[in-house]
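Hi,

Here is the structure I promised to pass on. Please have a look at it first; my notes follow underneath.

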Amino acid sequence: MKALRRSGWLAVAASVAFLSTPAVAADGPMVTKIKQRGELACGVHTGRYGFAVADSQGKWIGLDVDFCKAVAAAILGDANKVKYVPMSAVQRFPALQSGEIDVLSRTTTVTLTRDVSLGLHFGPTTFYTGTGFMVRKTTKATKLEQLAGATVCVVPGSTTEKNIAALFKARKIKYTPVVIESQKAMVGAYFSGRCDVMSMDHAGLPGHRRFDAKNPDEHFIFEEVYSKEPLAMAIRQGDDQFYDIIKWVTHVTFNAEEYDVHQANVDEVLKTTTNPDVQRMLGKIGGLGKKLGLDDQWGYRIIKQVGSYKDIYDRNFGEKSPLKLPRGLNKQWTQGGLLYGYPIK
Amino acid sequence: MADTLTRAGEPGGPSTRAAPTRASAPPPEEKIAVLRWLRDNLFSSPFNTLVTILIVAGLVKVVPGLFAWGIQNAVWYTKDHEVCRAASGACWAVIGEKHRPMLFGLYPYAEHWRLVVALVLYLGAFSITLMRRFWNPVFLIALWVVVGTAVGILLWGGVFGLTFVPSSQWGGLPLTMVLFTGTVVLGMPVAVLLALGRRSHLPLVKTVCVTFIETLRGVPLITILFVAVNVFPLFLPSGMEINTLLRIIVGMAIFFACYQAEVIRGGLQAIPRGQYEAAESLGLTYWQMTRRIVLPQALRICLPAMVNHIIAAIKNTSFVLIIGLFDILTATTNVLEDPLWRRFFVEAYLFVALVYFVFCYALSKYSQRLEQWLSAGRQY
Amino acid sequence: MAQAETFQDGPRRGGSLLYSTAFRGVAYQILLAAGVILVGYFLYSNVNQNLERQSIATGFRFLTESAGFDIGESLIPYDSNDSYGKALVVGILNTLLVSVFGVVLATILGGFMGIARVSRNWLAAKLASMYVEVMRNIPVVLHVIFWAAVFRNLPGPKESIHPFEGLYFNNRGLIFAVPKANPAYVWVGVAFLVGLVAAFLFVRWADRRRERTGKFMPTFWPALAIMIGLPLVTWLVQGAPLVWDKPTFGAFNFSGGAVLTPEFIALLVGIVVYTGAFIAEIVRAGIQSVPRGQIEAARSLGLRSGFVMRYVTLPQALRVIVPPTTSQYLSLAKNSSLGVFIGYPELVNVANTTLNQTGQAVEAVGIMMTVYLLMSLTISIIMNLYNRKTIIRER
């Protein structure tokens, strides 16, 4: 009995030690911490086509995923050194606050409350969208006003949940929300007929129609976008250097498109360009990387390994994706869109 | 005060899983005896006859339909969901088509063989542990250390040329197994300490244990998981991280321990005062007495009830669905989001139910046999 | 009771203070107290530091702020402009609603199956035992999500299952006609409550009389008659007002009538079927704990079997049945938190949404736990009072 208890304790202690990774790193800057760990912990959506979805091999793809990669390319030099942590809408903020993830890149709308009382910092907007609605074509509804009495499926804790409450209230029409924690279960509930309407970010709907519907032609997505949903990467407050990196990594992708530097031609541009702005971005004229606590090739690596915003958009939403979503507001400012890369100077 | 609150163990107190005494004998062979059996067991009174007729009528109505759906018109194997859609019966093919993501979750596809080996090793060790003839502490510990190490190596990899797989990618039945084993291994010692503490004559020790046990037993497991996943990290010094899986296992282990502690307390209370007095008169200290005299007897008495809570621990692993850990149930719900196979959810869920049932039912039968053996062999 | 069995301080060994049991007892307690305080302080200071460093909002101020989200089903009027506090109350009421229905139905199902298990009818006993063995060995989570999937995959509103006028069953739930509100119903309700009290007083009076005089008097049917008759008479006296509010099919859905949502039904069915299996086992054990001799003796006195059940078997069986059943009721109430899996807006679901909207994880989870704890303690105390009453009867 004695032997049993003693070795029992040993076994317990051993298994605890085995399972835990109490990485008691110094509470230093995030960049140091990420470099020590050798990977960036990035919170992503559990599965929304175009933004973040794991393929059958467990490989993550999507716009949000590409921004995780861009940050990893800048800090760690390798876009593949990312640990993707899929999380539900409810889990995302506690996970970020508690330090389980370094960056949250998960279709997260910037709002005042989140910015202020959740202790977050948001990077530049990486995607402009709004609340969208999808219905079955048999309902013949084409706009919100025709949805009186409808049952609406929505995920809890999303800005969508609050938006639809406000939208329906403003139009004085009644509806029944069905709030389901798991995104997949919510989508399943709509397609199995539990709800008349599915509501989420407008840009998320085509993917679900394309991949989750038995017959995509049976479903209709309202053309109108009903609210402002600027989506951005978020980090916790308390590390300005890391915040700067997030900010400027995003601007590099915007600027790259504006100066027509893409994944395919970046090496060539690097050799031939005479534009000092581009030379600075690609590290030919040095000094900027150091100000961020990085090396000078950070911008080059982002474009080489991940791409310009055009590369990222086309791959996940545009012509090279099955979704074929028009860019809408996500165009360069020079073309009437809202993407406005700050000068990398 | 809280001590007087009567609460037997959660799913079924100690008495509820007792061996069912046969209300009626099985049908004998001879013809006359058959008639007599029928009269005694089905038509003993007008009321009984009515009940029998109603049940038979119900069965006649339901069983042929079930048979046609489940067996006669069922599709047993196909890769084409349209075949299933066309059939009027069950689509058991969904299990054949999807069994790998269901059983192994997100674990890298090429490495699934490692999980199969780990499961076989684990189930082997588990079966050996259940056999009384192997009840030798040194042997069992050695067995579990070896099997545990082997399973760990297989799951994680990173050595002997096996690819490293982080615990965040574990899934399916092996994850259920890890959750369950972790819960029981970590929870058991805590349960013993809590039970002893609750029976302690030191008022403060007793108060702390009672408060702890009653608080955790008063809240749903889901909230404990919320604490483990969402809240607990905020309570750690910044910079310190604990693996999510470990946090969840610790949470479930503490929950398990609080229920198990109550069972063990029952065992402790069943030990006659004389035993304590005899031990004390021998001059044994508290810990000597507890370790050598009290605990071995108490644990033996409450062994069947403890097995019942271990069964509950198996079932409770399914609660991780809410926090998105890919145990066998989460993996199955995930698989069912495939639009082509979504409508065959009944078949998929029945399969998962069967997996749980096999383990839990076997253990509950085992617990009943244990109880018979204990009451036959040992008299206190 | 536990105290009486606890061993007292043992004999002392040697004179050293270190060997004194009393001294060591005090030392252990001081150590424990210090440990608890230290751990508590450690956690408290960490969480404070973390929250402050990241400037995360703390406190319960959010409870009065506007929630901004809608809730699908609510027992009280609720609007997205209402506060988070009110949203949580809606959640608590939904939890209570499903728990109360669950307890009643699980008791009926479990009692029925438990009696069937000890029945002399072989078929009934076998079927009941199959039900128990299968249902209790499948996780309650699986029960709930299985039924949720089943009810969501029912035909749509236009192809509703429509067994008779005024009742529709489809993937939007169970929709049925209810009588339209009428002022007379208030009085019917009052009459029902009066009837309830009257029936209770009558039963007590009859019991006292039986104990005093030994004269038996049937109580069940008269009591039932009072409980149903009084409201019925009240209703008739007021002119028997009855207008049905029938569900009619609108653009998307039925309007009118009352609705039980698929989520509510799935959660209810799941926890009832699961808990019922445990209650059935408890009931079986309770009935079997009554010695056969007692029942035979009562029968041989010429007492009718209903009387034997009411005054001999049941009081003894209940003493065995009540304590473990209480814990089943408690676990049923706690399992109602599974609503969050399937989208039934009970407490955990609403608190979960609140957690996400406000980001205040510590407070939101704290509220969940406190409410359940209070609920558990209340049920425990009530059942212990009942328990004590049944024990006193032992004489």
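A good place to start is A:Thr107, which counts as buried because it has 29 C-beta neighbours inside 10 Å; buried means 20 or more other C-beta atoms within 10 Å of a residue's own, exposed means 12 or fewer, and partly exposed is in between, with C-beta atoms placed from the backbone. A:Thr107 sits in the loop between strand 5 (103–104) and helix 5 (112–117) of chain A, and its phi is positive, about 30 degrees, although it is not a glycine. Most residues other than glycine have a negative phi. A:Lys140 is not a glycine either, and has a positive phi of about 60 degrees. Its place is the loop between strand 7 (131–136) and strand 8 (151–154) of chain A, but A:Lys140 is exposed, with 10 other C-beta atoms within 10 Å. Helices (H or I, at least four residues) and strands (E, at least two) are DSSP runs, numbered from the N terminus.

Before going on, some housekeeping. This is a predicted model, in which local features need pLDDT of at least 70 and side-chain atom pairs count only at pLDDT 80 or more, while totals for chains, interfaces and linings use all residues. Residues are numbered from 1 along each chain as its sequence is written, and chains are lettered from A and ligands numbered from 1 in the order in which they are written.

Chain A has 14 helices and 12 strands. Its radius of gyration (over C-alpha atoms) is 22 Å, close to the 20 Å that the globule rule (2.2 Å times the number of residues to the power 0.38) gives for 345 residues, so chain A is as compact as a globular protein of that length. Buried residues make up 52% of the chain. The mean pLDDT (the predictor's confidence in each residue, from 0 to 100) is 85 for chain A, with 91% of its residues at 70 or more. Please be aware of residues 1–27 of chain A, where the pLDDT is below 50.

Now for the interior. The largest nonpolar core (buried Ala, Val, Leu, Ile, Met, Phe, Trp, Tyr and Cys residues joined through C-beta atoms within 7 Å) has 213 residues, and those with the most contacts inside it are A:Cys153, B:Leu225 and C:Val144. Helix 10 (residues 244–269) of chain B supplies the largest share of this core, 17 residues. Apart from it lies another core of 69 residues, including A:Cys42 and A:Trp298.

Chains B and C meet through 67 residues of chain B and 69 residues of chain C, where contact means C-beta atoms, placed from the backbone, within 7 Å. On the side of chain B that touches chain C, helix 15 of chain B gives the most, with nine residues. Helix 14 (residues 328–335) of chain B is mostly covered, with eight of its eight residues buried.

Finally, chain C holds an open sheet of three strands in the order 1-2-7, with antiparallel pairing; two strands pair if DSSP finds at least two bridges between them. Strand 1 (167–170) and strand 7 (258–260) of chain C each have a single partner strand, so one side of each is left without a neighbour in the sheet. Four bridges join strand 1 to strand 2 (residues 173–176) of chain C, and C:Asn170 has C:Gly173 as its bridge partner.

Best wishes

Note on methods
Contact = placed C-beta atoms within 7 Å.
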